[in-house]
Each structure stands twice: as C-alpha cells, then as structure tokens.
Amino acid sequence: MFDMQKLAYFTEGNRFAGSHTEEKRIIRYRVDPDRENEKLLVWCWHEDKCFEKAKEKSEGSFPLTQDGLNALILWLQKEFEEHT
C-alpha cells in the first residue's frame, strides 16, 4: 500500500516522502532518520499540501531497525484507515 525505501536507505541518512490516495482520501508522509538516536521519525497529514504548509500533522518515532520500519508502515496504514 505504501511506497517505502529499504532500511539501508535510512541508515545512510536519507529522508523519504510519499503519499497514498484511495477513493478521494489522501495521506502524505515524510520519514527522517535520526541516526544519532537510532530512530525513524515520521509525520503524516491528510491535506494535499507539502510538509511545510500542512497544518495538522501526526507524528511518530520508531527504532531504526527493520522491525521499526515495519511498525512505521503499520502505523501509516492505521493513520490512513482511521481518517475518513
């Protein structure tokens, strides 16, 4: 459902942004690695705007591991499904 880079992409310090649209619903998201604290930081919003202009964002933090990345994707799916 969500396009996402592999863990190595984030462990190298790269940021990733994406979106998913389904039946007039949208979720946009951004994932930033925090290598110093070994975390993946994620934000999502349901406006068709860029990160800087979106007004209401949800945020989460997950371990910078494959399990953390998997949990992040599940969190995004839940955020998408709960937004009507």
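1. In this predicted model, Arg15, Arg30, Asp32 and Glu52 are joined to one another in a network of salt bridges. Within that network, Arg30 pairs with Glu52, and the closest N and O atoms of the two side chains are 3.9 Å apart. Arg30 belongs to strand 2, whereas Glu52 is in the loop between strand 3 and strand 4 (58–63), so this salt bridge ties together parts that are 22 residues apart in sequence. The 3.9 Å separation should be read with the cut-off of 4 Å for a salt bridge in mind.

2. The two partners of that bridge have contrasting surroundings. Arg30 has a relative accessibility of 11% and therefore counts as buried, the limit being under 20%. Glu52, with a relative accessible area of 61%, is exposed, because that value is over 50%.

3. Arg30 also takes part in contacts with aromatic rings. Its charged end sits over the ring of Phe51, 4.0 Å from the ring centre. In addition, Arg30 lies over the face of Trp43, and here the distance from the ring centre is 5.6 Å. A reader who inspects Arg30 should thus look at Phe51, at Trp43 and at the carboxylate of Glu52 together.

4. How many salt bridges does the count come to? The total is 7, and two further examples can be described in detail. Arg25 and Glu22 meet through their side chains at 3.6 Å, N to O; Arg25 is partly exposed, with a relative accessible area of 24%, and Glu22 is likewise partly exposed, with a value of 30%. The side chains of Glu82 and Lys78 form another salt bridge, at 4.0 Å from N to O. Both of these residues lie in helix 2, 4 residues apart, which is about one turn of the helix. Glu82, at 55% relative accessibility, counts as exposed, while Lys78, at 47%, counts as partly exposed.

5. Glu79, which is also placed in helix 2, deserves a separate check. Side chains of opposite charge can pair when their charged atoms come close. Glu79, however, is buried and has no salt bridge, and the nearest side chain of opposite charge, that of Lys78, is 6.7 Å away. That distance of 6.7 Å does not meet the 4 Å cut-off, which is why the two are not paired. Which residues is Glu79 in contact with, once its neighbours within four places in sequence are left aside? They are Ile27, Cys44, His46 and Ser58.

6. The aromatic residues give a count of 7 aromatic pairs. One of them joins Tyr9 and Phe16 in an edge-to-face arrangement, with 6.3 Å from centre to centre and 90° between the planes. Tyr9 is partly exposed, at 26% relative accessibility, whereas Phe16 is buried, at 14%. Phe16 pairs with Tyr29 as well, and this pair is tilted, with centres 6.5 Å apart and planes at 45°. The Phe16–Tyr29 pair links distant parts of the chain, since Phe16 is in strand 1 (residues 16–22) and Tyr29 in strand 2 (residues 25–34), 13 residues apart. Both Phe16 and Tyr29 are buried. Together with Phe2, Tyr9 and Phe10, these two residues form one aromatic cluster.

7. The largest nonpolar core has 18 residues, and the members that touch the most others are Met4, Phe10, Leu72 and Leu76. Helix 1 (7–11), strand 2, strand 3 (39–45) and helix 2 (66–82) each contribute at least two residues to this core. Helix 2 gives the most, with 5 residues. With residues up to four places away in sequence not counted, Met4 touches Phe10, Phe16, Tyr29, Val31, Leu69, Leu72, Ile73 and Leu76. The list for Met4 therefore includes Phe10, Phe16 and Tyr29, which are also named in the aromatic cluster, where rings pair if their centres lie within 6.5 Å.

8. A last point concerns Thr65, found in the loop between strand 4 and helix 2. Thr65 counts as partly exposed, at 35% relative accessibility. The C-alpha atom of Thr65 is separated by 8.5 Å from that of Leu40, although the two residues are 25 residues apart along the chain.

Key. Residues numbered from 1 in each chain as written. Predicted model: local features only at pLDDT ≥ 70, side-chain atom pairs only at ≥ 80, totals over all residues. Heavy atoms only, no water. Phe/Tyr/Trp six-rings, centres within 6.5 Å; stacked < 30°, edge-to-face > 60°. Buried < 20%, exposed > 50% of the residue type's maximum accessible area, 1.4 Å probe, protein only. Lys NZ or Arg CZ within 6 Å of the ring centre and 35° of its normal. Core = buried A, V, L, I, M, F, W, Y, C linked by side-chain atoms within 4.5 Å. Contact = heavy atoms within 4.5 Å. Lys, Arg positive; Asp, Glu negative; His and termini not counted.
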